Amino acid sequence: MPVSIAQDGTKLWQRRTSRAEWLHYAGWFALLLLFVFTWQVMTRDTIWAFVLDAPRQAADIGSRMWPPRWSYMSAVWKPLWDTINMATLGTLLAVAVAVPLAFLTARNTTPSARFVRPVGLLIIVSSRSINAIIWALVLVTILGPGVLAGILAIALRSIGFIAKLLYEAIEEINIEPVEAIRATGASPQQVLAWGIWPQITPAFAGISVFRWDINIREATVLGLVGAGGIGVNLESSLNTLAWPQVTLLLLVILGTVVVSEWVSAKIRHAII
Amino acid sequence: MLVIENLTKRYATGDLALEKVTLSVPAGQVVGLIGPSGAGKSSLIRCVNRLVEPSEGTIKLGDLDLSRLSRRALGQARRRMGMIFQEYALVDRLSVMENVLSGRLGYVGFWRSFFRRFPQADIDRAFAVLERVGLTDHIDKRADALSGGQRQRVGIARALVQEPDLLLVDEPTASLDPKTSRQIMRLIVELCAERNLAAIVNIHDVALAQMFVQRIIGLRKGKVVFDGPPDGLTPDVLTEIYGAEDWTATIRKAEEEDEQAAAVAPAVLARDTPMVTA
Amino acid sequence: MSAVSRRWTPPPLIANPVLRYAIYGGVALYLVVAFGTVELNWARMSEGVVRAGRLFAGFLQPDFTSRWDDIQAGLLESLTMTVTSTIVGIILSVPFGIGAARNIAPLPVYAFCRAFIAVARSLQEVIIAIFLVVLFGFGPFAGFLTLAFATIGFLAKLLAEDIEDIDPAPLEAIRATGAGWWQVLVYAVLPQVAPRLIGLSMYRVDINFRESAVVGIVGAGGIGATLNTAMDRYEFDSAAAILLIIIGIVLACEYASGFIRAKVQ
């Protein structure tokens, strides 16, 4: 009890009971210990001379990066186009897989909560846990470098993302209209298309466009592991220490990200 | 038309919602189902179209035994029963017309309905009922752009376009203001008379029920404790249904309103043509 | 009842027919052209099918043992990187978040914090990691800095939005008692935003773990480096083991964070 009565009869107020207070401090102390321990493990092999040297290095690279090499732009258009395609086609592919997956996984639409739903959840978690660039690393080894590996990598990562948000939206729908459609004698597929789908279209549109926006960002770096797009140029420019080209590429990436954010905001406004 | 015998519903939690309910409703009769919350009114009408599975007993619609139908046959049987809901249960993002046409889903195939290519006969039916309930001007509006009374009219139109034999009506006025409530109740009763429909109307407003329906059934704890004409609702009967309370005011109110309604009937009718929107 | 049959078709999504068909046509054209520029190397892909089979077999029979030392070292780096960067990121995101909230921060501070957040958010972690590896050398320290930087961008923005959305009434009330700026912060602002801050921080733990696997690819230490090596050597069974470990840990993090969030809120 936070309020207790002292021996002389006055009421004492504390924020927590003393036991809770102790647990509270013990928790923070444990967190502090964890931090100190992990910090020491992490920095065991750190060469502090490099760290101390970093500001000078930064100044040095900074001076070599400016001005950007604008003439390199002519070589960037094609990879930029590839980058946008990887994001767009990957997102479309992911949507095509994620929509049925979401319906199979949502508690209120799954054909079997015992068997199908856990499998769906497993697929979603596996897809979500691995970043696009790691999927790309794996796929480039399997399929060889190129845009196809990039598209599939984007799709594999996005399936889980879209399916998760979508099945949560499906689980939150209003059940009454669904009952009403069922009561008219509609078949289960019609109940899905007329009762449930219209309720989740705003969520669906929002989620897909949001993921496309993220995917543009992701697609810019997939080339670092050989999956096509503007990242390939970034990789080769970094390897040859062509800093002015790196600057140009960073500017292009930044510009693309800003434009895609603007486009996705526009589309979301138009649809919802 | 509808014959229910010994209907019992026990939920998985063990709650007994309905116990040996027996009643029958002839064509053209509107029955008001009253009772306290949790008396099983909602379970009763949902057992009829099997949105809730009955545990025991038989439910017959004409010669058809609803309680033992396969899934496919149930779909066909549901086409003969229109349902109207308390919160209207419209699909908000579909247009008024699409909501009404959803009443024909049991008659058209999946892809036809998916691409909104309904037979012209269904379109004609939909236009006719929309005109009857007074929503001709709102056909392509989204359902969530309408007022409560208009939304309930869409719900009624959706049930009517099924061309049902029976209407199941679940608290049609609980979300509406008093005036709109009366308009909606009047519309339902008129439509049942025009089309010779049997109807079961769940309603918690005793005065409103007395005003419009020909027969009242009182449920208490899943059992039928009253079945008779509206006049038969004496304070004793109401006490049996709802528990002890001073009921004279409720009954007097209903009578007065009845008289008032009779006195201003022509005016009300004029105001309440379907074109008037709530 | 109307005697004449009236036709009805659903109203189209885009009312203007010219614009509508222009958009449909444009989308179709884009898809055709985009698919056309995807270069498919069939010879390489048929080779890939065999490899995909091996990777899939690897998932069924992952090999945890033969590279266990590498996996263990990578995992340890990833986990320590996650913990340190999350804690440092949270601690630093609080002042940045407060500084980026228009209703309590003075304008110059606001502008600076917003600019910092914008930069941290718009650059991909991998790109930041590349630069930090160049500056600070290979190893988990660069990874730690990358993740801490990204955490600040993520948390400070959400925190700032939360603070801007708080109920002004308690703020006024505490101010009216004559409390100073710090007291307002501690008594009126923090209690309102703390539960969500804790929830978001938990969420960030598993994002940081996932990202820690990524930054390893460009040399910033962690399990990603181990995975990279395994893929380079075509050791699909070890790679599958690493992927399964990542999935398992993310799953555990999500479960734990769900539990903690339920407790806090």
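Helices and strands are here DSSP runs, of at least four residues for a helix and at least two for a strand, numbered from the N terminus. With that in hand, Lys221(B) can be placed in the loop between E9 and E10 of chain B. The model is a predicted one. Lys221(B) has a positive phi of about 50 degrees, although this residue is not a glycine. Its relative accessible area is 66%, so Lys221(B) counts as exposed.

The two strands that flank this loop belong to an open sheet of chain B. The sheet has 6 strands in the order E6-E7-E8-E3-E9-E10, and the pairing is mixed. E6 and E10 (223-228) are the edge strands, each pairing on one side only. From one strand to its neighbour the turn is 20 degrees on average, with direction ignored.

Starting from the E6 edge, strand E6 (residues 81-84) runs parallel to E7(B) and is joined to it by 4 bridges. In this pair Met81(B) stands opposite Leu166(B) of E7(B). On the next step, E7(B) and E8 (residues 198-202) pair in the parallel sense over 5 bridges, and Asp170(B) stands opposite Asn202(B) in E8(B). Further along the order, strand E3 (residues 30-34) and strand E9 (residues 215-220) of chain B run parallel and share 4 bridges. Here Leu33(B) is placed opposite Ile217(B) of E9(B).

How much of strand E7 of chain B is buried? Of its 5 residues (166-170), 5 are buried, so E7(B) is largely enclosed by the rest of the structure. In a regular strand, side chains alternate between the two faces of the sheet. For E7(B) both faces are covered: one side carries Leu166(B), Leu168(B) and Asp170(B), the other Leu167(B) and Val169(B), and all are buried.

A helix also lies over this part of the sheet. H1(B) lies across E3, E6, E7, E8 and E9 of chain B and runs at about 150 degrees to E7(B). Lys41(B) is located in this helix, which spans residues 41-48. Is Lys41(B) buried or exposed? Its relative accessible area is 8%, and because buried means under 20%, Lys41(B) is buried. Leaving aside neighbours within four places in sequence, Lys41(B) is in contact with Leu33(B), Ile34(B), Gly35(B), Pro36(B), Glu171(B), Asn202(B) and Leu219(B). Among these partners, Leu33(B) and Asn202(B) have already appeared, opposite Ile217(B) and Asp170(B) respectively.

Elsewhere in chain B, Asn6(B) sits in strand E1 (residues 2-10). Asn6(B) has a positive phi of about 50 degrees and is not a glycine. With a relative accessible area of 40%, Asn6(B) is partly exposed.

Chain A contributes a packing of helices with chain C. Two packed helices are described by the angle between their axes and the distance between the axes. The axes of H3 (residues 77-105) of chain A and H1 (residues 17-36) of chain C come within 10 Å and cross at roughly 110 degrees. H3(A) and H1(C) are therefore roughly perpendicular to each other, and the crossing is left-handed. On the H3(A) side the contact is made by Trp81(A), Ile84(A), Asn85(A), Thr88(A), Leu89(A) and Leu92(A), which meet Tyr30(C), Leu31(C), Val33(C), Ala34(C) and Phe35(C) of H1(C). By class, this contact has 9 nonpolar, 2 polar and no charged residues.

Ahead of H3 in chain A, Pro67(A) lies in the loop between helix H2 (48-65) and H3. The peptide bond from Trp66(A) to Pro67(A) is cis, with omega near 0 degrees.

Key
Residues numbered from 1 in each chain as written. Chains lettered and ligands numbered in written order. Predicted model: local features only at pLDDT ≥ 70, side-chain atom pairs only at ≥ 80, totals over all residues. Heavy atoms only, no water. Buried < 20%, exposed > 50% of the residue type's maximum accessible area, 1.4 Å probe, protein only. Contact = heavy atoms within 4.5 Å. Axes fitted to C-alpha atoms, helices over the stretch in contact; angles between N-to-C directions. Parallel < 35°, antiparallel > 145°, perpendicular 65-115°, else oblique. Left-handed = near helix turned anticlockwise from the far one by under 90°. Nonpolar A, V, L, I, M, F, W, Y, C, P; charged D, E, K, R; others polar. Pairing = 2+ DSSP bridges.
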